[in-house]
Structures are given as structure tokens and as C-alpha cells.
Amino acid sequence: SIDLEGIAGASGITRAAVGSGLFDGARCYVFATSWVTPVEDQEPVVAGIFGSATLRDHRFQIGGVSLVDVLNQVVGQTYGAQCPKVFGGSEYAGCGVSLAAHTVTGTLTGVGGASSFTDLARSEAADYFGAGTIRFTSGPNSGLKAIEIKSFSSGVITTFEPFYYLPVVGNSYSMTRGCRKRMSDCQAYGNIINFGGFPFIPTGSVYSQVGTGGA
């Protein structure tokens with residue numbers, strides 16, 4: 001396991017980047033070298049993946065695991081009504097839908113809070129961007145991670161998590177459509193051939209039914 005501590009604001013690691021989860025799940029490399037004249041990758045120690053980062057006053061703390069720990073994970077295919085594929089991923093690991101073709105840009109015309117804002121120029125149908133993501137390209141949240149969209153209707157965008165800083169009217173953003181992994185969503189994208197769900201598998205209640213007799 002990997003446990004790192006540092007001073008927030010030093011070496012380009014800002015409080016906003018840590019607090020907004022920008023480093024969560026990041027790939028990391030640890031190597032040994034001289035602190036007097038450091039040389040990157042002088043003596044590789046381990047490669048790993050960060051967990052969630054936390055702020056403690058002016059310090060940050062990040063835990064992680066080595067890449068070899070991935071071998072301890074149980075991996076198997078699951079079957080359910082929803083599609084298990086990665087939306088926008090390659091056809092091998094995902095559904096093959098182009099995210100670039102479903103990404104728009106705009107500017108905020110209203111702010112209701114850190115997780116609710118408005119762009120009256122948006123004319124897409126309700127839930128068009130549901131389960132998608134939005135990131136800011138200007139303003140205080142520029143450069144921070146994208147956040148998943150909870151709902152979209154009449155230009156009002158609501159996210160599951162609040163942004164680290166309160167957005168401001170006039171901030172520009174980039175927003176990408178998502179997928180709720182239903183068959184109807186795949187049909188809307190014209191991509192039903194790559195749908196990976198099984199909505200017609202009988203439920204447990206069907207399996208447990210008692211017969212009523214027969215000939």
C-alpha cells in the first residue's frame with residue numbers, strides 16, 4: 001500500500017485540486033533518488049493507483065495500492081438489464097459511441113448554487129445530458145475534474161456533487177452526453193447492435209414460482 005502526505009499548495013498541488021478529487025484514481029509512480037539532486041526514475045520502486053485524497057488543514061493525505069493488487073480482484077462478467085459496457089469506450093471494452101460527437105460548449109447565464117446552474121441558450125430535450133459530465137473551461141473551477149450530471153431540463157443543469165468553487169455567470173463549460181445504460185438509450189444513439197444488457201432475463205420471483213399443476 002502507498003500512503004503519501006504533503007503540504008497543500010506546494011509543488012503545484014493546490015487545495016482545489018485535492019478537494020475536488022482531481023487526483024482520485026490517478027496512476028502514480030514511486031522512485032528513490034537523492035533529495036539534493038533528484039533524478040526522475042533513478043531507482044523505480046513501485047507503480048500504483050491512488051485512492052481518494054483528503055485535506056487535513058493545510059496538509060493532504062492520499063492512500064493507494066500497487067498495480068499488483070489488481071491481481072487480487074475478482075473479475076467476471078455479470079448479466080443484468082442495464083448495459084455493463086463503458087459508454088464512449090472502444091467497441092472491445094465499451095460501446096463505440098463517439099463522445100466528441102456528443103460534446104457541446106456554452107456559457108452560464110445563471111447560477112443557483114455549486115451544483116445547479118443554467119444556460120438559457122441550451123435547447124436540447126429534457127434529460128438529454130442526463131448521466132453525462134460537465135467541466136468548466138474558465139472561471140474558478142477551470143482545470144478541475146468533470147462532474148456527473150444528475151438532471152437536465154430547460155437549460156438547468158444539476159450535478160450529483162457540488163463543484164469546489166461556486167461557479168459564476170459567464171463561466172464557459174464543456175458538457176458531454178451520458179447514457180443511463182437502458183436499451184432505449186442505446187436505441188436513441190442508433191447503437192442497439194452494441195447493447196450489452198439483458199432486459200428479458202426472468203427475475204428471481206419468476207424462478208421461485210410454484211407450479212399450479214399440469215396434464
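**Exercise 1. Find which strand joins S8, how many bridges hold the two, and which residue stands opposite Thr133.**

*Step 1.* Look for S8 in this predicted model. Strands here are DSSP runs of E with at least two residues, and helices are runs of H or I with at least four residues, both numbered from the N terminus.

*Step 2.* Follow S8 to its partner: two bridges join S8 to strand S9 (residues 147–153), and these strands run antiparallel. Two strands count as paired if DSSP finds at least two bridges between them.

*Step 3.* Now pick out Thr133, which faces Glu148 in S9.

**Exercise 2. Work out the strand order of the open sheet of seven strands, and say which strands stand at the edges.**

*Step 1.* Read across the sheet: the order is S5-S11-S8-S9-S10-S7-S6, with antiparallel pairing.

*Step 2.* Check the ends. Strand S5 (103–107) and strand S6 (110–113) each have a single partner strand, so one side of each has no neighbour in the sheet.

*Step 3.* Add the twist: on average, neighbouring strands of this sheet are turned by 30° against each other, direction ignored. The axes behind this angle are lines fitted to C-alpha atoms.

**Exercise 3. Locate the salt bridge of Glu5 and decide how exposed each partner is.**

*Step 1.* Recall the idea: side chains of opposite charge can pair when their charged atoms come close. A salt bridge is a side-chain nitrogen of Lys or Arg within 4 Å of a carboxyl oxygen of Asp or Glu. The structure holds five of these salt bridges.

*Step 2.* Glu5 pairs with Arg59, and their closest N and O atoms are 2.9 Å apart. Glu5 sits in strand S1 (residues 2–7) and Arg59 in strand S4 (residues 59–66), so this pair links distant parts of the chain, 54 residues apart.

*Step 3.* Glu5 is exposed at 53% relative accessible area, while Arg59, at 38%, is partly exposed. (Buried means under 20%, exposed over 50%, partly exposed in between, with a 1.4 Å probe and protein chains only.)

**Exercise 4. Describe the salt-bridge network that includes Arg122.**

*Step 1.* Salt bridges link Asp119, Arg122 and Glu124 in a network.

*Step 2.* Within it, the side chains of Arg122 and Glu124 meet at 3.0 Å, N to O. Both Arg122 and Glu124 are buried.

**A note on the numbers.** Residues are numbered from 1 along each chain as its sequence is written. Local features need pLDDT of at least 70 and side-chain atom pairs pLDDT 80 or more, totals for chains, interfaces and linings use all residues, and side-chain values use heavy atoms, leaving out hydrogens and water.

Technical notes
Axes are lines fitted to C-alpha atoms, for helices over the stretch in contact, and angles run from 0 to 180 degrees between N-to-C directions.
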